[in-house]
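Work through the exercises below with the sequence and the model side by side, and try each task before reading its solution.

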Amino acid sequence: MVDAGILRSSHGKVRLLKPVELPADWDPATDKRLTAWEAVHQLVRVLETGGESAAAALVSKLGSAAEPARELAYRLYTICERKKRAAEALAYNGLVQSWPEITRLARERQQAPASTDRVVRRGRSRIDQ
């Protein structure tokens, strides 16, 4: 878990990293130890710092790993609510509540380059004629 970048161990003490402590340059495509835990906390970090559009960009990169992250966020929210951990519950709930908009933006993001390519090809074909 230390190698995965989600846990810190020092002087006999072990703790999970908070979302704000995770690297801002994280890329799930190059992460050799991608975990749902890391994906959730990166999504929370990105949502809090960059909003829904930034979270949508990350969801696009996560691909099929995004849905398990959403499910884990919901479970973590439920646990935090039960244990009266309001600040953490708020972060997970924010992700869960924003999920429909995040996934909508991610779909639009994936469709946008394809429609741009069609326009460019049409433009080239007219110019080439």
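## Exercise 1: A residue in the first helix

Ala-55 has a relative accessibility of 0% and therefore counts as buried, a term that stands for under 20% relative accessible area, with exposed meaning over 50% and partly exposed the range in between (1.4 Å probe, protein chains only). The structure is a predicted model, in which local features need pLDDT of at least 70 and side-chain atom pairs count only at pLDDT 80 or more, while totals for chains, interfaces and linings use all residues. Residues are numbered from 1 along each chain as its sequence is written, and side-chain values use heavy atoms, with hydrogens and water left out.

Task: state in which element Ala-55 is placed, and with which residues Ala-55 is in contact when its neighbours within four places in sequence are left aside.

Solution. Step one is to locate the residue: Ala-55 belongs to helix α1, where helices (H or I, at least four residues) and strands (E, at least two) are DSSP runs numbered from the N terminus. Step two is to list the partners, taking contact to mean heavy atoms within 4.5 Å: once neighbours within four places in sequence are set aside, Ala-55 is in contact with Leu-43, Val-46, Leu-47 and Ile-102. Step three looks at one of these partners, since the C-alpha atoms of Ala-55 and Leu-43 are separated by 5.9 Å although the two residues are 12 apart along the chain.

## Exercise 2: The chain as a whole

Task: how many helices and strands does the chain have, and in what order do the elements run from the N terminus on?

Solution. Begin with the count, which is three helices and two strands, and then read the order from the N terminus on as β-β-α-α-α. For the cover of the residues, 33% of the 129 residues of the chain count as buried. Finally, among contacts between residues at least 6 apart in sequence, 53% join residues at least 24 apart.

## Exercise 3: A histidine and its surroundings

Task: is His-41 buried or exposed, and which backbone oxygen lies 2.7 Å from a polar atom of its side chain?

Solution. His-41 is found in helix α1, which spans residues 36-62, and His-41 is buried because its relative accessible area is 3%. The backbone oxygen in question is that of Trp-37, and the pair qualifies as a polar contact, that is, a pair of N or O atoms within 3.5 Å of which, within protein, one must be able to donate a hydrogen and the other to accept it, residues adjacent in sequence counting only if both atoms are side-chain atoms. Not counting residues up to four places away in sequence, His-41 touches Pro-19, Leu-22, Leu-76 and Tyr-92.

## Exercise 4: Two packed helices

Task: at what angle do α1 and α2 pack, and how far apart are their axes?

Solution. Two packed helices are described by the angle between their axes and the distance between the axes. Helix α1 and helix α2 (residues 66-82) pack at an angle of about 100°, with their axes 9 Å apart. That makes α1 roughly perpendicular to α2, the word for angles of 65 to 115 degrees. On the α1 side the residues that meet α2 include Trp-37, His-41 and Leu-62, and on the α2 side those that meet α1 include Ala-66, Leu-72 and Leu-76. The residues of this contact divide into 13 nonpolar, one polar and no charged.

## Exercise 5: Two loop residues

Task: where does Leu-34 lie, and is Lys-84 buried or exposed?

Solution. Leu-34 lies in the loop between β2 (13-16) and α1, and is partly exposed because its relative accessible area is 35%. Leaving aside neighbours within four places in sequence, Leu-34 is in contact with Trp-26, Pro-28, Leu-62 and Ala-65; the C-alpha atoms of Leu-34 and Ala-65, 31 residues apart along the chain, are separated by 8.6 Å. Lys-84 is found in the loop between α2 and α3 (86-128), and is exposed, with a relative accessible area of 72%. The phi of Lys-84 is near 60°, a positive value in a residue other than glycine.

Key. Axes fitted to C-alpha atoms, helices over the stretch in contact; angles between N-to-C directions. Parallel < 35°, antiparallel > 145°, perpendicular 65-115°, else oblique. Nonpolar A, V, L, I, M, F, W, Y, C, P; charged D, E, K, R; others polar.
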